[in-house]
Amino acid sequence: MSNEFLFGIHATKAVLERDPARFIEIFVLKGREDDRLLPIIKELGDLGFKIQELPRKTLDDKAKGANHQGIIARVTPAKQLNERDLDDIMDNTANPLFLVLDGVTDPHNLGACLRNADGAGVAAVIVPKDKSASMTATVSKVACGAAEMVPLVRVTNLARTMRALQEKGVWFVGTAGEATHDVYQAKLTGPLAIVMGAEGDGMRRLTRETCDDLIKIPMAGSVTSLNVSVASGVCLFEAVRQRSLQG
């Protein structure tokens, strides 16, 4: 597997906190003194990593247009999680909340969904191995560190994985335009997975049929649907609201 690059303070800090052994090389902007950046540089130095200071143009060229915020790190790829890892997540998470993305192929949308998931306290984001965006520098950049914090689980058969989690007590709520009630009328407490469909096409038929409930987001204007990352944020944080009321 090829190495990956992290751009910016959030992504670098997330890997530093979670799995510092992944670092290979660190490049920082020469002469930059930033209260957010300096503690990261110090901690990396204390761990024995060599910090290479580069002039702005060299760092900008290495970033290839990404917003590096004065730091770029070359890292080994994160461990790929699969169906078996969901058992550990279930065993170690009380009242888990999952986000399922059925065929989201745009890396910007995947990154934004991971950021939403991190903010909502999601235990894992579940995606199918096929027809799903890969973890790239673009995903990491958009996620602002969440890509390094939220477990991303790739499964071979999404419907089968859903049924296995249903047997463990997880309630699956899918989003679909034909749903008869909306997200604010649905019960989103307890072990829960919110299922979002692909950009444009929505959930695949088998995924939709495997869901326990279908909901929609009420739309007041002429636009009939929301971007998948926006829709996931609406649904996740309604679940957060309902769950917070239970204490």
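This report describes a sheet, a pair of helices and one buried glutamate in a predicted model.

## The six-stranded sheet

The model, which is predicted, contains an open sheet of six strands whose order is S7-S6-S5-S9-S8-S10, and the pairing in this sheet is parallel. Its edges are formed by strand S7 (152–155) and strand S10 (213–215), each of which pairs on one side only. On average, and with direction ignored, neighbouring strands of the sheet are turned by 25° against each other.

Strand S5, which spans residues 97–102, is joined to strand S6, residues 124–128, by three bridges, and these two strands run parallel; within this pairing, Phe98 has Ala124 of S6 as its bridge partner. S5 is also joined to S9, again in parallel, by six bridges, and here the bridge partner of Leu97 is Leu192 in S9. Helix H5, made up of residues 107–120, lies across S5, S6 and S7, and its direction is at about 170° to that of S5.

## Strand S9 and its surroundings

Strand S9 (residues 192–197) is mostly covered, with six of its six residues buried. The residues of S9 point in two directions: Leu192, Ile194 and Met196 face one way, whereas Ala193, Val195 and Gly197 face the other way, and all of them are buried.

Besides its bridges to S5, S9 is joined by four bridges to strand S8 (residues 171–175), and S8 and S9 run parallel. One of the residues involved is Gly174, whose bridge partner in S9 is Val195, a residue that is buried and points the same way from the strand as Ala193 and Gly197.

## Helix H2: a buried face and an exposed side

In helix H2, which covers residues 37–46, the buried residues are Leu37, Ile40, Ile41 and Leu44. Viewed down the helix axis, these buried residues fall within an arc of 100°, and they therefore line one face of H2. An α-helix has 3.6 residues a turn, so residues three or four places apart point the same way. On the other side of H2, Lys42 and Asp46 are exposed.

The cover over the buried residues of H2 includes helix H1 (9–18), together with strand S2 (23–29), strand S3 (51–54) and strand S4 (71–75). After H2 comes Gly48, whose phi is positive, near 95°.

## The contact of H1 with H2

The axes of H1 and H2 come within 11 Å and cross at roughly 35°, and the crossing is left-handed. H1 contributes Ile9, Thr12, Lys13 and Leu16 to the contact, while H2 contributes Leu37, Ile40, Glu43 and Leu44. By residue class, the contact of H1 with H2 divides into five nonpolar residues, one polar residue and two charged residues.

The buried residues in H1 include Ile9, Thr12 and Leu16, as well as Ala11, Ala14 and Val15. What covers the buried residues of H1 includes H2, and also strand S1 (4–7), S2, S4 and helix H6 (137–143).

## A buried glutamate in H9

Helix H9, residues 228–245, contains Glu238. This residue has a relative accessibility of 5%, and because buried means under 20% relative accessible area, Glu238 counts as buried. When its neighbours within four places in sequence are left aside, Glu238 is in contact with Val183, Tyr184 and Leu188.

Key: Residues are numbered from 1 along each chain as its sequence is written. This is a predicted model: local features need pLDDT of at least 70, side-chain atom pairs count only at pLDDT 80 or more; totals for chains, interfaces and linings use all residues. Side-chain values use heavy atoms; hydrogens and water are left out. Two strands pair if DSSP finds at least two bridges between them. Axes are lines fitted to C-alpha atoms, for helices over the stretch in contact, and angles run from 0 to 180 degrees between N-to-C directions. Contact means heavy atoms within 4.5 Å. Buried means under 20% relative accessible area, exposed over 50%, partly exposed in between (1.4 Å probe, protein chains only). The arc is that of the directions from the helix axis to the C-beta atoms. A crossing is left-handed if the near helix is turned anticlockwise from the far one by less than a right angle, and right-handed if clockwise. Ala, Val, Leu, Ile, Met, Phe, Trp, Tyr, Cys and Pro count as nonpolar, Asp, Glu, Lys and Arg as charged, and the others, Gly among them, as polar.
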